[in-house]
Each structure stands twice: as C-alpha cells, then as structure tokens.
Amino acid sequence: MTGPKTGTDRAQPAAEGDRSTRTAVATMYRLTTGHRASVAVASVLTLAGSALGLAQPLVAKHTVDASGRGQTLWPLLLVLAVLFVTEAATGAVGRFVLERMGEGVVRGLRHSLVARLLRLEMREYDRHRSGDLISRVTADTTLLREVVSQALVDLVTGALVAVGAIVLMVWIDPLLLLLVALTVVGAAVVVASLLKGIRAASERMQTSVGAIAADLERALGALPMVRVHRAEEREAARIGERVEAAYGAGVRTAKLASVMSPAVELAVQGSFLIVLVIGGLRVNGQANTLGDLVAFLLYASYLVLPLSSVFRAVGLIQRGMGAYQRIEQALCLPAEPSPPAPRPTVRARTCQQARQTVSYEEPALALRDLSFGYDPDRPVLRGVTFTVPRRRQTALVGRSGAGKSTVFALIARFYEPDSGSLLFDGSPATALSRVACRERIAVVDQNTHVVHGTLWDNITYAAPGATESDVRRVVELAQLEGVVRSLPGGLRGMLGERGGTLSAGERQRVALARALLARPGLLLLDEPTSHLDTINETALTTVMTDIAQECAVLVIAHRLSTVQHADQIVVLDNGRVAACGRHEELLTSSPTYRELAAGQMLRPAAAPPSPVTTVRPHPHSPL
C-alpha cells in the first residue's frame, strides 16, 4: 500500500530523542532518499570546483616566484584564468542541481503531508488546529528546502575542501597552520555551545508561526461573527500574542546566530593577521619565500570559507530539525487506511448497479445495540437499536445533545462504535471498507459545505463525471432553478469563498443537490430545513417524500413539522432510543415526543400534502 506510513510503522521523530548534530545530519540525509543521484552529482561538481579553487594558490605561488626570477608569466596567468572560469561554471551547475533536488524533496514532503492530513482519523482533527496543520505543509517544508538543498552538501564538501586546504598548508608551513588552527578551534567551541539553543529557539518559532496560522484561520472562518460583535481588536490582540511569541523566538535565534557569526569572523580575521605577521617575519628570515606566503594566505582564505560554510550548515541543520520534528509529528498522526487504487472516473453509482450487489430483503441500515463516547468515560450513545428501511423516510428526533449527530458520524464511519454493530444492506460495517460504506451514503450536513468554485463544481463534487441532464435533474429536485437563473454564468457561475454569494438556504439546497447526484442508497439529512422559510420548508418536505421513493432517507429534525409525515420516527433521549413509531402513535405513547410536539404546538398530522414536484426516475432505477 502506497502513501505515508502510519504512526505504528513509522519511526518516532528523531528530534525528540537525540539532539546531537550527528543525528540531525543523518535525519536530514534520509530526506534525500530518491534524490541521491542528484546529491552525488552536485557533490562531485562542488568538489571539482573546490579542487580547481585549491589549485589556484599553487599557480599563484609559481607566478610570484617566476616573476621574481624574471620568467615569462602569461602562460601561468592564462592557466589561472581558466581555473577561475571553470570553477565558477562548475559551481553554478552544481548549485542548480542542489536547488532542484531541494524542491523535489519539498514536493515529496508536501504530497505526503497533504495525503496524510486529508485522511487523519476524525479524532485528530478534534485535537489539532487546522491552521497549525496547514503551516506544516507550507512554512515548515519551506525551511527544510534550504537545509536539504544547501546545508548537507555544504557540510560535506566544506569539510573535504577544508581537509584539502589543511594538507596543502601543512606542506607549505606547519607552524603557521598550527597558529591558524588555534583560532579556528576557539570559534568551533563557541559555535558548538550555541547549537542546542538555536535548535530549541527554531522549534519555538515554527510552533508560534503555526499558531498564528491557526488563530488567523479561526478568525477569518467566522468573520461575520467577528464583525457583528466588534471583536476585530480582540482577535488582532489574540493573534498579536502569537506574533510576539514568534518574534521572541526569532530574536532568540538571531541573538544566538549573531554571537556565532562574530566568532567565525574573529577566527577569520585572527587567522589572516597571524599569517601576515608571522608569515612576513618568516619570509624576512628566509624560512619561506614570498610565493609561499601568498599561497598560504590564499589557502587560509580557502580554509576559512569552507569552515564558515560548515558552521553555517550545522546551525541551519539544527534549525531545520525544529521544522522536521513538526512535519514528522504530522506524518505520525493516526490516519484512515488508504483506499484502493482509484478507478477511472465514472458517473455516480446507479440504482441498477446497487441492485446487483445488494439484497433488498435487508434494510438499508441497521444499528444494533450501538454505544459510543468521544471520551470513554462519558458515553454519548447507549445501546441504540433501530433500522432504516429501503425507500422509506425515517426521522431521528430528540432534544439537543441526545446524540442524533453522533449517530450520523458513526454511519459515515468518521468514528468507530465502542460496542454494538452497524450494518449496511445487511453487511456488518466492520466487514466493509470505509470507502465501501461511504459509497452507499450521501450527507447533507447541518453546516453546509460549499467550496470555492462554480455552482457546477459544487453540485458535481460527489460525481465529477455527471452529465448535464443528471445535474439539471437534481437542480430541479433541490429547487435551485432560481439560483441558476440569478447567478451570473448560471451553473458555471462562481460562488465565492464558502459560498458567500448564496444565502444559507441556498447553500443548503446546493448541498442537497450534490447529495442527490450521487444516487445514494441512504441519504442522511441533518436539519435540512434549519435555514428555510415556511414556504420552502413545505416544498422541501414534499421533495423528501419523493426522494424516499428512490432511496432510504434518514433525517434529523428539530422542527417536527418537517418529519411528521415520515414513515418512521425514532426518538432519542439521553443517548437511548426512547420510542419508535409514526407521528400519531408517538403523540399517545411517548411522553418525550409528546413534550417535543407540545413545545411546537403540533397536533395529529393531516394527510400529507400533494407532491408539487414529480421525480423522474433514472432510466436504470428499479422503480
């Protein structure tokens, strides 16, 4: 099975257990899996460029010595120019290969994160803020790109170039090298003492950036509420606290880095001063030639630059580990199993296709002694048992908090019951994949979801291959003709972010059309009339009656007038089934239902209204 590994088979984040530089480097190197060829090519090119650079001081030494002896200089100068140009070209190609490799690593991480986040267990979304999870896909992966595209190769090639420079410096003047080494070791001690602090500060900064994204997403997602309650300043202050935390962590990182940079610079300047003073004295004493001093100075500069890149790379890797830890934590979160390989895009499953695999002797849905709690110590459902017959309308009613929406969440397999069983078409849910269960249902949620895009995109979201006639059919069923006529562009008109150009009732009807287009065996409606006026409520009640001729309908309703003509009404009270029957029966037999009806001044129902909309069955429908 492809895709990100689950939390049980993936190693725990290395950053939590070991903060050593060696472990950090090994972790970053593992990220380049699949890109090792690019790393090798870039490393070879970088080393080749560095070798050309190391050859330049030797040529310069011979040029100076030749000048002192009055020899011809232009061949040596030509060689020096060729070495310089070739080094620059080789370095440019190597850098491009590295940058492309870094982008490839980030692309792979983002694909893995997106696939993981879209399939997390629903409990994980209850525990984590969506804005923080999004920042791990954006900000954290961007920081890692710099690490894998620069720091790793700089660390390796810088160390090798430094070794090469040291060997040549030993050959020229071991005493001067010893003095230079003392200053470099001093700088290395300072850098090593700062690395842990840099990494910890980087982790805090990335966490704060994630919190900024989460709080901003929270405010923008409820912007009308924020405006009405004049809470702009409060939200700005809340987000401002996160900004200040990120600022503090960033300043802490900068402070440590600012101490590290001067330490390296002092080592560089001290090395040059030592070489100039001591080397000059040794030239005067005839211990070395002027060419030796020039070559040693050039090698000192070649030593300092790779060492500086090594120190910078180590610091950057420690910063990157803070981002990597957050990414690894997200990839380790429990997720639903990945579905089978996608099949070619086809139209929604038709009733005829369903009939080939389903026994019509079984109810569309059966709940048997179902118990569940979001917190094991606080059960929400207690032994719920009822069935949803085919081509019938079943209503689920009860006080707020009775467990109605939780029943829907279990039917959609967002959560698994603590005990009891759930059966689709007579088959236990545990014997079916979650995909197979969800293929049988469609949901119109109380919080209707309309995504940015056209009206066509939103209606066909559940069946991307639907035809124009299919879409027109559900538009008529959901009574969306008026929206299509008024929307610029009709079905191809843009709806805006979260359907902001539609009213709440219109968004609910868009969701209903989307659900109907999937031709489910079981349609779940959660408060379908909560945003409708009385006229539209009556019309939708008739539509639900007509829909029930094609598939099973299970509807949650607080307005009992919406469901008083349902074939079956299940009354939930405190997580248990208190009663089950038709409206007239429950008015006499169920005190709970009678109390709900009395609060809405409902009396025994008259004959159901005549349908105002005639459903045209699909050509393959069993009707």
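User: In this predicted model, how do I read the packing of helix H4 against helix H6, and at what angle do their axes cross?

Analyst: Start with the distance between the axes and the angle at which they cross. The axes of H4 (residues 74-117) and H6 (residues 130-172) come within 8 Å and cross at roughly 150 degrees. Angles over 145 degrees count as roughly antiparallel, so H4 is roughly antiparallel to H6. The handedness is a separate reading: H4 passes H6 in a right-handed crossing.

User: What classes of residue make up the contact of H4 with H6?

Analyst: The contact holds 13 nonpolar, six polar and seven charged residues.

User: Which term describes the crossing of H15 and H17?

Analyst: Apply the angle classes again. The axes of H15 (residues 468-477) and H17 come within 9 Å and cross at roughly 135 degrees. H15 is therefore oblique to H17. The crossing of H15 past H17 is right-handed.

User: What span does H17 reach, and what span is expected?

Analyst: Compare the distance from the first C-alpha to the last with the value expected at 1.5 Å a residue. H17 covers residues 504-517, 14 residues in total, and reaches 20 Å, close to the 20 Å expected.

User: Is H17 mostly covered or mostly exposed?

Analyst: Burial is read from relative accessible area, and under 20% counts as buried. H17 is mostly covered, with 11 of its 14 residues buried. An α-helix has 3.6 residues a turn, so residues three or four places apart point the same way. In H17 the buried residues include the run from Gln508 through Arg509, Val510, Ala511, Leu512, Ala513, Arg514, Ala515 and Leu516 to Leu517. Gly505 is buried as well. Just after H17, Arg519 takes a positive phi of about 50 degrees.

User: How is a single buried position read, for example Ala24, and in which helix is Ala24 found?

Analyst: Take its place in the helix, its accessible area and its C-alpha distances together. Ala24 is found in helix H2 (residues 21-30). Its relative accessible area is 0%, so Ala24 is buried. The C-alpha atoms of Ala24 and Ile317 are separated by 6.7 Å, although the two residues are 293 residues apart along the chain.

User: Turning to sheets, what is the strand order of the six-stranded one?

Analyst: Read the order from one edge to the other, then the sense of the pairing. This open sheet has the order E6-E7-E8-E3-E9-E10, with mixed pairing. E6 (441-444) and E10 each have a single partner strand, so one side of each is left without a neighbour in the sheet. Neighbouring strands are turned by 20 degrees against each other on average, direction ignored.

User: Which strand pairs in this sheet show the parallel and antiparallel senses?

Analyst: E6 and E7 (residues 522-526) pair in the parallel sense over four bridges, and Ala442 has Leu523 as its bridge partner in E7. E9 (residues 568-573) and E10 (residues 576-581) run antiparallel and are joined by five bridges. Val570 is the bridge partner of Cys580 in E10. The hairpin of E9 and E10 has two residues between the strands, and Asn574 takes a positive phi near 55 degrees there.

User: How does the four-stranded sheet read, and which are its edge strands?

Analyst: Its order is E2-E1-E4-E5, an open sheet with antiparallel pairing. The edge strands are E2 (381-388) and E5 (427-428), each of which pairs on one side only. Within the sheet, E1 (residues 365-372) and E4 (residues 419-424) run antiparallel, joined by five bridges. Leu365 stands opposite Phe424 in E4.

Methods: Residues are numbered from 1 along each chain as its sequence is written. This is a predicted model: local features need pLDDT of at least 70, side-chain atom pairs count only at pLDDT 80 or more; totals for chains, interfaces and linings use all residues. Side-chain values use heavy atoms; hydrogens and water are left out. Two strands pair if DSSP finds at least two bridges between them. Axes are lines fitted to C-alpha atoms, for helices over the stretch in contact, and angles run from 0 to 180 degrees between N-to-C directions. Angles under 35 degrees count as roughly parallel, over 145 as roughly antiparallel, 65 to 115 as roughly perpendicular and the rest as oblique. A crossing is left-handed if the near helix is turned anticlockwise from the far one by less than a right angle, and right-handed if clockwise. Ala, Val, Leu, Ile, Met, Phe, Trp, Tyr, Cys and Pro count as nonpolar, Asp, Glu, Lys and Arg as charged, and the others, Gly among them, as polar. The expected span of a helix is 1.5 Å times one less than its number of residues. Buried means under 20% relative accessible area, exposed over 50%, partly exposed in between (1.4 Å probe, protein chains only).
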